[in-house]
Amino acid sequence: MLGRHTAAGRRVALTALGTLVLAGAGSAATAAPPPAPSSTAAQTLGADRPPAAVLRAMERDLKLKPGQAAERLVNEAEAGARAGRLRNALGKHFAGAWVRGATSAELTVATTRAADVSAIEAQGAKAAVVKQPLTELRAVKNKLDSTARSLKTRDTPVWYVDVPANRVVVQATKRSAATAFIKAAGLEDKGVGIRVSAERPRVLDDVVGGDAYYIESSARCSVGFSVTKDEQQGFASAGHCGDRDDATAGYNLADQGKFQASTFPSKDMSWIAVNGDWTATAEVKGEGGQRTQVTGSVQALVGASICRSGSTTGWHCGTIQQHDTSVSYSQGVVDGVTETTVCAEPGDSGGPYLSGSQAQGVTSGGSGNCTSGGVTFYQPINPILSDFGLVLKTAPPQSGTPAPPENAVDTWAAGRVYEAGATVTHAGVRYQCLQSHQAQGGWSPVATPSLWQRL
């Protein structure tokens with residue numbers, strides 16, 4: 001982990017938008033002609049107009065040529081929408097999706113059914129036929145998560161679903177520890193992979209995303225994303241940075257606010273309410289202190305580019321390695337984080353991760369540093385918004401979470417967090433979610449075919 005945690009004895013030193021239809025319950029997916037969308041995924045997510053500072057940092061850290069960073073962001077936005085449509089069409093046979101290449105031009109979608117290949121390729125994606133659907137892989141990882149609650153995992157600090165490899169992987173400091181963990185979970189015959197590494201993730205010790213803030217005058221973390229709850233302004237950060245009612249001071253050491261909620265371990269999330277001297281903005285501190293605006297929270301695919309801001313090391317970029325990862329820190333296990341190739345150091349904890357202008361999460365922990373390189377893990381932002389009832393501050397602004405109509409909990413509403421595959425009703429029509437995100441007022445299903453598919 002990359003931050004500080006206190007109280008009660010737990011202080012840590014600190015798109016081509018094609019439509020697929022299923023020919024029948026037992027038959028392959030077949031492709032239908034792509035509809036004419038009202039806007040592209042890149043336009044919806046703002047990927048067609050990225051800040052220059054984001055492009056410069058991507059070129060530096062991902063070693064891209066001029067023009068490739070902008071092309072990559074557009075490709076990733078469109079790939080997310082196409083992958084979402086294929087996920088819905090393939091149903092139980094869907095086994096994951098990822099992007100590859102300097103400009104993320106290659107989208108691969110995996111299925112357990114060979115008959116789906118032509119339908120996948122018709123959507124401009126590369127098909128991979130594999131043995132296990134994504135649901136089975138997640139069930140295997142869930143068994144490891146359950147076992148970790150009663151087993152010491154110091155020597156098996158990381159486990160995750162490796163979508164491109166179509167397997168679950170346990171990262172351990174020695175093979176014998178991984179073997180024992182897998183056996184304890186009863187998964188010897190499930191093809192769980194083992195990766196031996198000496199690295200042990202840790203928290204990075206010590207209202208614009210990436211700015212420093214101080215907890216109880218004794219430790220430092222980084223602001224994540226600005227949020228609101230009803231009329232109260234504040235920001236999201238890492239749970240290990242502080243406990244409920246801990247006081248905070250801003251980067252200028254002026255009184256700032258107080259932790260309203262904090263979860264750690266199991267998850268690594270918190271939110272801090274700020275006083276009237278502070279105004280929450282939809283901005284994150286980027287390269288050279290320049291600001292970049294947050295426009296939403298659509299989850300990016302494995303392989304997509306991602307950049308991070310932190311009060312120790314500033315702005316750095318890399319790629320998403322895998323979602324749904326579990327990490328065993330010395331303070332306990334945290335589930336559901338995402339692993340990246342972005343570097344970080346103590347004090348960066350809680351800071352924001354962005355893919356283009358879409359919020360992805362807040363820094364949890366990692367290993368290595370920004371001199372020799374390393375890996376980091378972030379707590380995804382959408383679960384933070386959902387668990388704490390928060391609304392992400394975006395540009396343009398969105399309204400607060402409305403009360404759902406009585407007996408209409410499946411009616412689409414701005415401010416709600418929707419997972420890929422969720423179904424809603426809007427204007428009397430049923431839609432299915434293509435990509436996980438928090439809904440915004442201008443992102444109704446009928447207006448955003450890159451986020452919602454009409455059923």
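## The largest pocket

The largest pocket in this predicted model holds about 820 Å³ of space. A pocket here is an open set of points on a 1 Å grid over the protein atoms alone, with protein on both sides within 12 Å along at least five of seven lines. Grid points are joined across faces, edges and corners, and a volume is the space filled by probe spheres set on the points. There are 35 lining residues, meaning residues with an atom within 4 Å of a point. Closest to the centre of this pocket are Arg138, Gln299, His323, Glu419 and Ser436.

Several elements give two or more residues to this lining, including α3 (68–90), α5 (134–148), β20 (314–329), β21 (332–340) and β23 (358–369). Helices (H or I, at least four residues) and strands (E, at least two) are DSSP runs, numbered from the N terminus. By class, the lining has 18 nonpolar, 13 polar and four charged residues. For that split, Ala, Val, Leu, Ile, Met, Phe, Trp, Tyr, Cys and Pro count as nonpolar, Asp, Glu, Lys and Arg as charged, and the others, Gly among them, as polar.

## The second pocket

Next comes the second largest pocket, at about 290 Å³. Of its 18 lining residues, Gly46, Arg49, Thr295, Ala395 and Pro396 sit closest to the centre. Both α1 (41–45) and β18 (291–293) supply at least two residues of the lining. The class split here is seven nonpolar, ten polar and one charged.

## The closed-off space

A cavity is a set of grid points where a 1.4 Å probe fits but cannot get out, and the largest one has a volume of about 170 Å³. Its lining has 18 residues, with Leu45, Glu76, Ala77, Ser355 and Gln358 nearest the centre. Helix α3 gives the largest share of that lining, four residues. By class, the lining of the largest cavity has eight nonpolar, nine polar and one charged residues.

## Disulfides

Counting a disulfide as a pair of cysteine sulfur atoms within 2.5 Å, you get three of them. Counted along the chain, the bonded cysteines pair up as 1-2, 3-4, 5-6.

Cys221 and Cys241 are joined with an S to S distance of 2.1 Å, and their link is left-handed, at -95° about the S-S bond. Cys221 is in strand β11 (residues 219–222), while Cys241 is in the loop between β13 (232–237) and β14 (247–249), 20 residues apart. Both cysteines are buried, which here means under 20% relative accessible area (exposed is over 50%, partly exposed in between; 1.4 Å probe, protein chains only).

## The other two links, and Cys433

Cys307 and Cys317 also have their sulfur atoms 2.1 Å apart. The torsion about their S-S bond is about 95°, so this disulfide is right-handed. Cys307 lies in strand β19 (residues 305–310) and Cys317 in strand β20, so the pair ties together parts ten residues apart in sequence. Cys307 is buried at 2% relative accessibility, and Cys317 is buried at 6%.

The Cys343 and Cys370 link is right-handed too, with 100° about the S-S bond. Cys343 sits in the loop between β21 and β22 (352–355), and Cys370 in the loop between β23 and β24, 27 residues apart. At 11% relative accessibility Cys343 counts as buried, whereas Cys370 is partly exposed at 25%. Cys433 is buried, with a relative accessible area of 0%.

## How to read the numbers

Residues are numbered from 1 along each chain as its sequence is written, and side-chain values use heavy atoms, with hydrogens and water left out. Because the model is predicted, local features need pLDDT of at least 70 and side-chain atom pairs count only at pLDDT 80 or more, while totals for chains, interfaces and linings use all residues.
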